[in-house]
Amino acid sequence: MPAQKISPRLADLERDGFVVVKSIVSGDRLEALREASRKVEALARAGQWPHIRTVGKQFPPWDPTPEKGIWGVQHLMNPSLPGCGVFTDLYFSEEVLSIVRELLQCDDGELVMELFNMLVRPDSDFELRWHRDDIPAEASPDVEMERLGRPAFHAQYNFALWDDDSLVLVPGSHRRARTDTERNADPFEKVLPDQLVVKLEPGDIAFYNNNILHRGVYDSKKERMTLHGSVGHTGGSNLRARNVLQHGIGAWVDQVDLTRLKDGDRQRAEDMRARLVKMGSESGDVGYSLKG
């Protein structure tokens, strides 16, 4: 990556493993996203959208039926999903991608389209275990550090449409192997030393390194619609392939309708998609990052 002056946001991300940017969207645009999200959530709960995250299972692949309840909806940009254009607009917007470029220290020519999903209120309380997204729990300290020592090559984020305090993480843990306490803790330990609850208000976006030690705690009594996305960097090609392609985006990415985007945004989006397709064509069968 080219050497650039480190911004305060990037300094926070590098030090803590996450950074919150306040109110990148508000007013009519926030309400339009809420309206589209309500409709998508209703379809998913009614069993009319098979790409869901089901309660009781943390990682893909998920059962396409919602009998046990859902905690997420996959593939918001899939052209078969009603309202997909609203989500596509946001994913490729300058509001989001300007922050991505800042955090990845790159230009538009290095951005790669990745994932855009939604996390929702479960039908019954549900918690994720402590994890790093692309490093298995059984990894030794040396293996952890070998992986954590490489550039992240991604910008992963939660964008809240309602108040959200579901993400719990250990600041700085993206830079080191787990401590003995963390390694020996119950996977669903309620409190780890120095943990922090990331609190978002509507329109806030939190970017975080997906290999920070983190978990999700989902309250069935609290409304939640949080858009969960990631954007890649060309430098991460093989490193990011499994983390992205395991979600099945390759089955429909070439059909995403980008014609509604403004000219500059559309060309950027088309180029980002082409880089994802290239990554998929070069990666073969990638399997799954984690089990459970």
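1. Let me start with the four-stranded sheet of this predicted model. Here 4 strands make up an open, antiparallel sheet, and their order is β5-β10-β7-β8. The edge positions belong to β5 (126–127) and β8 (196–200); each has a single partner strand, so one side of each is left without a neighbour in the sheet.

2. If you would like a place to look inside that sheet, try the pair β7 and β8. Strand β7 covers residues 164–169 and pairs with β8 in the antiparallel sense over 4 bridges. Leu169 is a handy landmark, as it stands opposite Leu196 in β8.

3. Next comes the seven-stranded sheet. Its 7 strands follow the order β1-β9-β6-β11-β4-β3-β2, again as an open sheet with antiparallel pairing. At its edges you will find β1 (18–21) and β2 (52–54), each of which pairs on one side only. On average, neighbouring strands of this sheet are turned by 20 degrees against each other, direction ignored.

4. Within the seven-stranded sheet, the link between β3 and β4 is easy to trace. Strand β3 (residues 70–73) and strand β4 (residues 111–120) run antiparallel and are joined by 2 bridges. In this pairing, Gly72 has Leu119 of β4 standing opposite.

5. Helix α3 deserves a look together with that sheet. The helix spans residues 84–91 and packs on the sheet, where it touches β4, β6 (154–160) and β11 (225–233). The direction of α3 makes about 130 degrees with that of β4. How many residues of α3 are buried? The count is 6 of its 8 residues, which leaves the helix mostly covered. The buried ones are Cys84, Gly85, Phe87, Thr88, Leu90 and Tyr91.

6. On internal space: the structure holds 2 cavities of 30 Å³ or more. The second largest cavity contains about 30 Å³ of space. Which residues line the second largest cavity? They are His75, Met77, Glu114, Leu115, Phe116, Asn117, Ile249 and Trp252. By character, this lining divides into 5 nonpolar residues, 2 polar and 1 charged. Strand β4, which covers residues 111–120, thus has a share in the picture, with Glu114, Leu115, Phe116 and Asn117 among the lining residues.

7. His75 is worth checking in its own right. Its phi is positive, at about 65 degrees, although the residue is not a glycine. His75 sits in the loop between β3 and α3. Is His75 buried or exposed? With a relative accessible area of 6%, His75 is buried, because the cut-off for buried is under 20%. His75 is also one of the residues lining the second largest cavity.

8. Phe153 is another residue to inspect for its backbone. Phe153 is not a glycine, yet its phi has a positive value near 55 degrees. The residue lies in the loop between α5 (141–148) and β6. Its relative accessible area is 15%, so Phe153 counts as buried. The β6 strand that borders this loop is one of the strands touched by α3.

9. Finally, please look at the peptide bond between Pro60 and Pro61. This bond is cis, with omega at about 5 degrees. Pro61 belongs to the loop between β2 and β3. Of the two strands flanking this loop, β2 is an edge strand of the seven-stranded sheet, while β3 is joined to β4 by 2 bridges.

Key
Residues are numbered from 1 along each chain as its sequence is written. This is a predicted model: local features need pLDDT of at least 70, side-chain atom pairs count only at pLDDT 80 or more; totals for chains, interfaces and linings use all residues. Side-chain values use heavy atoms; hydrogens and water are left out. Two strands pair if DSSP finds at least two bridges between them. Axes are lines fitted to C-alpha atoms, for helices over the stretch in contact, and angles run from 0 to 180 degrees between N-to-C directions. Contact means heavy atoms within 4.5 Å. On a 1 Å grid over the protein atoms alone, a cavity is a set of points where a 1.4 Å probe fits but cannot get out, and a pocket is an open set with protein on both sides within 12 Å along at least five of seven lines; lining residues have an atom within 4 Å of a point. Grid points are joined across faces, edges and corners, and a volume is the space filled by probe spheres set on the points. Ala, Val, Leu, Ile, Met, Phe, Trp, Tyr, Cys and Pro count as nonpolar, Asp, Glu, Lys and Arg as charged, and the others, Gly among them, as polar. Buried means under 20% relative accessible area, exposed over 50%, partly exposed in between (1.4 Å probe, protein chains only).
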